[in-house]
Amino acid sequence: MFLFLLIAMVVVVAAVTLAVVGGGDSAVLPEAAPERLVDPLPVSRPVGRADVEALRLPVGARGYRMAEVDDVLSRLGAELAERDARIAELESALAGAQATAVSSPDLFKKPGEESDR
């Protein structure tokens, strides 16, 4: 009985091996198309929080595709740098406006009126 089971197991392993290796006229499996970034960051408008949360980077054989990740990170870095520059510009304009408002004469005084000082 043991000899019969051993021969049956060898036959099954050989049949599976022949089927996997390519025994037959069937075509080889087609190459899978590489996964690409389906919904990239919008080009026509600034990137928002919802865009970043909805972003799903494609996975390669050894993790994420470096080119895709580099593109996304450089775009996000440029957006953040642009926003930081705009914030700094607005803050300096506000500080300048506040400085001139403090040092300027009374804004509510009518021309020709004397101050109460």
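Mentor: Two residues are in contact here when they have heavy atoms within 4.5 Å of each other. With that in hand, ask away, and keep in mind that this model is predicted.

Trainee: Among contacts between residues at least 6 apart in sequence, what share joins residues at least 24 apart?

Mentor: Begin with the contacts in the chain whose partners are at least 6 residues apart in sequence. Within that set, look for partners at least 24 apart; their share is 51%.

Trainee: In what order do the helices and strands run from the N terminus?

Mentor: The chain has three helices and two strands. Reading from the N terminus on, the order of these elements is α-α-β-β-α.

Trainee: Which element has the highest confidence, and which the lowest?

Mentor: Over the chain, the average pLDDT is 79, and 74% of the residues score at least 70. Where pLDDT is low, the predicted coordinates should not be read in detail. Helix H1 (residues 2–21) is highest, with a mean of 89. The lowest, at a mean of 74, is strand E1.

Trainee: Is H1 buried or in the open?

Mentor: Its length is a good place to start: the 20 residues of H1 should span 28 Å, and the end C-alpha atoms are indeed 28 Å apart, which agrees. For burial, the cut-off is under 20% relative accessible area. The number of H1 residues that count as buried is zero, so this helix lies largely in the open.

Trainee: Is Leu3 buried or exposed?

Mentor: Leu3 is found in helix H1. It also belongs to a nonpolar surface patch, together with Phe2, Leu6, Ile7, Met9, Val10, Val11 and Val13, that has about 810 Å² of accessible area. Exposed means over 50% relative accessible area. Because Leu3 has 57%, Leu3 counts as exposed.

Trainee: How many residues does the chain have, and what share of them is buried?

Mentor: From the outside, the chain exposes about 10,600 Å², with carbon and sulfur atoms supplying 64% of that area. Turning to burial, the chain has 117 residues, and the buried share is 9%.

Trainee: How far apart are the end C-alpha atoms of helix H3?

Mentor: Helix H3 covers residues 66–103, which makes 38 residues. At 1.5 Å a residue, a span of 56 Å is expected. The model agrees with this, as the end C-alpha atoms are separated by 55 Å.

Trainee: Which element is included in what covers the buried residues of H3?

Mentor: The residues to be covered are Glu68, Val69, Val72 and Glu79. What covers them includes strand E2.

Trainee: Which residues are joined with Glu79 into one salt-bridge network?

Mentor: Glu79 is buried at 14% relative accessibility, and its salt bridge with Arg75 has its closest N and O atoms 3.1 Å apart. A salt bridge to Arg83 also forms, at 3.9 Å, and that partner lies four residues away in helix H3, about one turn. The two arginines are partly exposed, Arg75 at 21% and Arg83 at 38%. Since the salt bridges share a partner, Glu79 is in one network with Arg75 and Arg83.

Trainee: What is the N to O distance in the salt bridge of Arg86 and Glu89?

Mentor: Side chains of opposite charge can pair when their charged atoms come close. Arg86 and Glu89 are three residues apart in helix H3, which means a separation of about one helical turn. Arg86 is partly exposed at 44%, and Glu89 is partly exposed at 47%. Their salt bridge has an N to O distance of 3.0 Å.

Trainee: How far apart in space are Pro58 and Val69, C-alpha to C-alpha?

Mentor: Pro58 sits in the loop between helix H2 and E1, and at 1% relative accessibility it counts as buried. Val69 is one of the buried residues of H3. The two are 11 residues apart in sequence, and their C-alpha atoms are separated in space by 8.8 Å.

Definitions and conventions:
Residues numbered from 1 in each chain as written. Predicted model: local features only at pLDDT ≥ 70, side-chain atom pairs only at ≥ 80, totals over all residues. Heavy atoms only, no water. pLDDT = per-residue confidence, 0-100. Patch = residues over 30% accessible without salt bridge, like charges linked within 9 Å, V, L, I, M, F, W, Y side chains within 5 Å. Areas by Shrake-Rupley, 256 points an atom, 1.4 Å probe, with all protein chains shown as cover. Salt bridge = Lys/Arg side-chain N within 4 Å of Asp/Glu carboxyl O. Buried < 20%, exposed > 50% of the residue type's maximum accessible area, 1.4 Å probe, protein only. Expected span 1.5 Å × (residues − 1).
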